[in-house]
Amino acid sequence: MASMKITSALAAIESSSNPQNKLQQYNSVLSDIVSTSSEHELAQDLIYYLDSILNEDLSIVAARPLLDSFITVLRKLTPETQIKVGQHAITLLQSRSASVEEQDAQIRELLADAYESQEDYNAAAKTLQGIHIDSSQRLVSDSAKVQLWIRIVRLYLEEDDTTSAEAFLNRIKNLPSKIEDHELKLHFKLSQARILDARRRFLDASQEYFNVSLAVGVDESDRLQALAAAIRCAVLAPAGPQRSRTLAGLYKDDRAPSVEEFGILEKMFLDRLLTPEEVAAFSQRLAPHQLAQTADGTTVLDKAVVEHNLVAASKLYENITTDALGGILGLTASGDMTAGEKAEAYAARMVEQDRLKGRIDQIDGVIFFDSSSAAAGRHIRQWDAGVQGLAEDVERVAASISDDFPEFAAAQMVH
């Protein structure tokens, strides 16, 4: 309930016939509410005040400056009060939002801040979605649109709602103008990486995280976090040539040894078998969605480790029985499948997808690998990584020259 003092004062203003006096009196009542209302009456008094200034008797031209003063007061209140009053305010403004779009936007941003402080990210995102950005009454630049959409994307990602986050990220992609602000570019890339990560497109996510880790203007600690995220995604990706190239790029990065994930990165790059203890330690650093079970009851990590160890085994053995391979891979019998049959199924799928070179003799239960020895394999992989690194360094130097000396670069292109 609103206090009697405030309700009486507002009733007296509403019955007044002098428009100029009304504005002065409303401002006086707002000051009284802030200075005299008790904590449990404050929200209701402000709601009652809003009902009064937004009734049909007061023109929207007169209401705008009153709303501006109200917003100034709202900024100074606690999040709890902001939520109670802000929710009521945006409901009232819906019928008149075309005339007070700027005030409606400011209140929604305040309300979103309050929700975010309470970790109600979904409510914050939905509140910001209500801001009008395509209107003749209020011109919003592409940069301001991107800033708003990036914030909505990040809020939805906090709730792991990748579908809603991706919808707003696509709006940014479809803008005719490109993002010029460096910080917004970084937020865009990081949001894209997080969405790809959540969608289990781990190789693409790894590349995006790695790009963020190389971007200028990023704190060193944030760079290393992005690099660690890139390594985690690369580890979780399906084994094969594409992942091998990604691992090589991460392994040759001078910063890689400074992150905790380097141990598992090195063993995967060098095609060494992973132990259950190493896998368990690595799993402690994964996000919940990266540990979620798949349709067959295994996790993405389980599958990635089995496939990696299978590739590692192919570097050690020319041939091996499926039962022995099942033991090396740490597989156990379940349902109507033995450990050997599971190992054979993994190998068959990887051979079919051209992620493993070999053939399977199902009658004798033997897998024959077409691969070099472990030492030769490591040597070739390291040589490939060195060549790739050199090519990337040359490309980076050429890009820097083009950025710093565009006229010289253009002249070289002509010649």
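Helices are DSSP runs of at least four residues, numbered from the N terminus. With that in mind I opened helix H17, which spans residues 322-328 and holds Thr322. I note at the outset that this is a predicted model.

**Entry 1: Thr322**

I looked up the accessibility of Thr322 and found a relative accessible area of 8%; the residue is therefore buried, as the limit is under 20%. I then listed its contacts, leaving aside residues up to four places away in sequence: Thr322 touches Gly340, Ala343, Glu344, Gly365 and Ile367.

**Entry 2: Leu67**

I turned next to helix H4 (residues 60-74), where Leu67 has its place. Leu67 has a relative accessible area of 0% and is buried. Beyond residues up to four places away in sequence, I recorded contacts of Leu67 with Leu50, Ile53, Leu54, Leu93, Val100 and Gln103. I also checked Leu67 against Ala333: the two are 266 residues apart in sequence, and their C-alpha atoms are 69 Å apart in space.

**Entry 3: Salt bridges**

I searched the whole structure for salt bridges and obtained 16. Side chains of opposite charge can pair when their charged atoms come close. I examined several pairs.

I began with Arg108 and Asp104, whose closest N and O atoms are 3.1 Å apart. Both residues lie in helix H6 (residues 101-117), four residues apart, which is about one turn of the helix. I found Arg108 buried, and Asp104 likewise.

I then took Asp113 and Arg151, which form a salt bridge with closest N and O atoms 2.6 Å apart. Asp113 lies in helix H6 and Arg151 in helix H8, so this pair ties together parts 38 residues apart in sequence. Asp113 is partly exposed at 40% relative accessibility, and Arg151 is partly exposed at 23%.

I closed this search with Arg285 and Glu261, whose side chains meet in a salt bridge at 3.2 Å, N to O. The pair links distant parts of the chain, 24 residues apart: Arg285 is in the loop between H15 and helix H16 (300-316), and Glu261 is in the loop between helix H13 (241-251) and H14. Arg285 is partly exposed, with a relative accessible area of 28%, whereas Glu261 counts as buried at 3%. I noted that Arg232, Glu260, Glu261 and Arg285 are linked in a network of salt bridges.

**Entry 4: Surface patches**

I looked for charge on the surface and found a negative patch where Glu119, Asp120, Glu158, Glu159 and Asp160 gather. Glu159 sits in the loop between helix H8 (142-158) and helix H9 (162-173). Glu159 is partly exposed, at 37% relative accessibility.

I also recorded a nonpolar surface patch of about 400 Å², made by Val397, Ile401, Phe405 and Phe408. Phe408 belongs to helix H20 (residues 406-414) and is partly exposed at 48% relative accessibility.

**Entry 5: Backbone angles**

Most residues other than glycine have a negative phi. I therefore noted Asp271, which has a positive phi of about 60° although it is not a glycine. Asp271 is in the loop between helix H14 (262-269) and helix H15 (276-283), and counts as buried at 11% relative accessibility.

I found a positive phi of about 60° at Asp354 too, again a residue that is not a glycine. Asp354 lies in the loop between helix H18 (339-352) and strand S2 (358-361). At 45% relative accessibility, Asp354 is partly exposed.

Definitions and conventions. Residues numbered from 1 in each chain as written. Predicted model: local features only at pLDDT ≥ 70, side-chain atom pairs only at ≥ 80, totals over all residues. Heavy atoms only, no water. Patch = residues over 30% accessible without salt bridge, like charges linked within 9 Å, V, L, I, M, F, W, Y side chains within 5 Å. Areas by Shrake-Rupley, 256 points an atom, 1.4 Å probe, with all protein chains shown as cover. Salt bridge = Lys/Arg side-chain N within 4 Å of Asp/Glu carboxyl O. Lys, Arg positive; Asp, Glu negative; His and termini not counted. Charge placed at Lys NZ, Arg CZ, Asp CG, Glu CD. Helix = DSSP H or I, 4+ residues; strand = E, 2+ residues; numbered from the N terminus. Buried < 20%, exposed > 50% of the residue type's maximum accessible area, 1.4 Å probe, protein only. Contact = heavy atoms within 4.5 Å.
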